[in-house]
Amino acid sequence: MREKIAIALLCAAALSGCATYTRVHDYVMGPQKVFIVFFPVKSADLTPDAADIVKVAASQIQKQHPEAVQIAAGVAPGGKMEMSAPRFEAVRKLLVDDGVPDDIIARSAIADPKLDTGPARLRVEIRLLAKGP
């Protein structure tokens with residue numbers, strides 16, 4: 001019986017921590033400023049998980065009021081941007097649909113193409129900037 005009570009108490013303590021994680025994180029680290037969205041290979045379609053991340057980003061943009069929002073897309077080897085533009089547009093459209101002003105959104109490539117290999121090219125980063133790019 002004591003084991004069951006101990007397990008129940010541990011579970012309750014663990015679950016209560018989940019509800020406060022975001023508040024503690026924001027207090028210690030500050031609010032989230034970078035969101036990473038991954039796309040399927042050779043696709044610009046947002047998966048349900050990716051769309052959820054973009055919606056969280058839109059919510060944070062509305063709470064934080066950054067001066068600019070930078071959408072940086074992965075680039076294929078040789079600087080080919082065939083998937084970069086449609087992925088940027090998919091993320092931009094969902095942000096705007098969720099209430100983010102289009103005039104604060106800027107487009108860029110991933111900062112360091114040397115590190116942009118393999119699955120990393122399938123990503124788009126949403127960055128909340130205090131100052132414009």
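1. A good place to start is helix α3, which covers residues 84-97. Its 14 residues reach 20 Å from the first C-alpha to the last, close to the 20 Å expected at 1.5 Å a residue. Please keep in mind that this is a predicted model.

2. Which residues of α3 are buried? They are Ser84, Arg87, Phe88, Ala90, Val91, Arg92, Leu94 and Leu95. When you look at the spacing in that list, it helps to recall that an α-helix has 3.6 residues a turn, so residues three or four places apart point the same way.

3. What do these buried residues pack against? Their partners are the helix α2 (48-64) and the strands β2 (68-73), β3 (105-109) and β4 (123-129). After α3 comes Gly99, and the phi of Gly99 is positive, near 100°.

4. Next, have a look at Leu122, which sits in the loop between β3 and β4. Leaving aside residues up to four places away in sequence, Leu122 touches Val37, Phe38, Phe39, Pro40, Val41 and Arg87. Arg87, one of these contacts, is also among the buried residues of α3. The C-alpha atoms of Leu122 and Ala44 are separated by 9.3 Å, although the two residues are 78 residues apart along the chain.

5. Finally, turn to the surface, where Val34, Ile36 and Phe38 form a nonpolar patch. Together they have about 250 Å² of accessible area. Ile36 belongs to strand β1 (residues 34-38). Is Ile36 buried or partly exposed? Ile36 counts as partly exposed because its relative accessible area is 38%, which falls between the 20% and 50% cut-offs. Phe38 of this patch is also one of the residues that Leu122 touches.

How values were computed:
Residues are numbered from 1 along each chain as its sequence is written. This is a predicted model: local features need pLDDT of at least 70, side-chain atom pairs count only at pLDDT 80 or more; totals for chains, interfaces and linings use all residues. Side-chain values use heavy atoms; hydrogens and water are left out. Patches are made of residues with over 30% relative accessible area and no salt bridge: like charges are joined within 9 Å, nonpolar side chains (Val, Leu, Ile, Met, Phe, Trp, Tyr) within 5 Å. Accessible areas come from the Shrake-Rupley method with a 1.4 Å probe; for residues, only the protein chains shown count as cover. A salt bridge is a side-chain nitrogen of Lys or Arg within 4 Å of a carboxyl oxygen of Asp or Glu. Helices (H or I, at least four residues) and strands (E, at least two) are DSSP runs, numbered from the N terminus. Buried means under 20% relative accessible area, exposed over 50%, partly exposed in between (1.4 Å probe, protein chains only). The expected span of a helix is 1.5 Å times one less than its number of residues. Contact means heavy atoms within 4.5 Å.
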